[in-house]
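Here is a quick tour of one chain for someone who likes to know the cut-offs. Have a look at the model before reading on.

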Amino acid sequence: ARRIQHKHAASLFTMPTIVDGVEFDTVAREIRCKWSTENDKASLVALQAVLNEHTATLKAVPGVTSVKRIVCGGCQDFKIITAVGADEFASFEASGFGPEAEIIEAMSKIDGVSSVETQTYTFMDA
């Protein structure tokens, strides 16, 4: 592990290492689901409205470096990815990942939405 100055941290922290040579400085939480093309893609419109409702709260989470939305029109994926500095992840996790429960509940109630899931993973600029 190396000690680095994270671009969003006030002090040095030890960069976590998965295995020798595979370090990371960012941990992301993804909320994803499938949407339907039925009714002129109404479920996609509703998913975007859920994200719009929660974007400010997600961005206000301490340590957040980005909030991204990914949509695949070919496989009907909708993903919200909230990234935090690795040194802030434990607090993010302890908070229940910000408004994640409310987002999942809202997504699950939308007609045409299925496979609502979450995943945590690391990433880092190459």
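S115 is partly exposed at a relative accessible area of 44%, where buried means under 20%, exposed means over 50% and partly exposed is in between (1.4 Å probe, protein chains only). S115 sits in strand 8 (residues 114-123), and its phi is positive, about 55°, although S115 is not a glycine. Most residues other than glycine have a negative phi.

Keep in mind that this is a predicted model, with local features needing pLDDT of at least 70 and side-chain atom pairs counting only at pLDDT 80 or more, while totals for chains, interfaces and linings use all residues. Residues are numbered from 1 along each chain as its sequence is written, and side-chain values use heavy atoms, with hydrogens and water left out.

F97 also has a positive phi, about 65°, without being a glycine. F97 is in the loop between helix 2 (89-94) and helix 3, and it counts as buried at 10% relative accessibility.

Here are the residues with an accessibility value:

| Residue | Place | Relative accessibility |
|---|---|---|
| S115 | strand 8 | 44%, partly exposed |
| F97 | loop between helix 2 and helix 3 | 10%, buried |
| E100 | helix 3 | 9%, buried |
| A60 | loop between helix 1 and strand 6 (64-72) | 58%, exposed |

Now the overall layout. The chain has 3 helices and 8 strands, taken as DSSP runs (helices are H or I with at least four residues, strands are E with at least two) numbered from the N terminus. Read along the sequence, the pattern goes β-β-β-β-β-α-β-β-α-α-β. Of the 126 residues, 37% are buried. Take the contacts (heavy atoms within 4.5 Å) with a separation of 6 or more: 62% of them join residues 24 or more positions apart. For a single pair, the C-alpha atoms of A60 and G98 are 9.0 Å apart, with their positions 38 residues apart along the chain.

How do the axes of helix 1 and helix 3 cross? Helix 1 (residues 38-59) and helix 3 (residues 100-108) have axes that come within 10 Å and cross at roughly 175°. The axes are lines fitted to C-alpha atoms over the stretch in contact, and angles run from 0 to 180 degrees between N-to-C directions. The two helices are therefore roughly antiparallel, the label for angles over 145 degrees (under 35 is roughly parallel, 65 to 115 roughly perpendicular, the rest oblique). Helix 1 brings L47, V50, H54 and L58 to the contact, and helix 3 brings E102, I103, A106 and M107. That set divides into 6 nonpolar, 1 polar and 1 charged. Here Ala, Val, Leu, Ile, Met, Phe, Trp, Tyr, Cys and Pro count as nonpolar, Asp, Glu, Lys and Arg as charged, and the others, Gly among them, as polar.

Finally, the empty space. A cavity is a set of points on a 1 Å grid over the protein atoms alone where a 1.4 Å probe fits but cannot get out, and lining residues have an atom within 4 Å of a point. The count is 1 cavity of 30 Å³ or more, and the largest has a volume of about 40 Å³, meaning the space filled by probe spheres set on points joined across faces, edges and corners. Its lining consists of R29, I31, L58, I80, T82, F92, F97 and E100, with strand 5 (26-34) and strand 7 (77-85) each giving two or more residues. The lining divides into 5 nonpolar, 1 polar and 2 charged. Beyond its neighbours within four places in sequence, E100 is in contact with R29, I31 and T118.

How values were computed: On a 1 Å grid over the protein atoms alone, a cavity is a set of points where a 1.4 Å probe fits but cannot get out, and a pocket is an open set with protein on both sides within 12 Å along at least five of seven lines; lining residues have an atom within 4 Å of a point.
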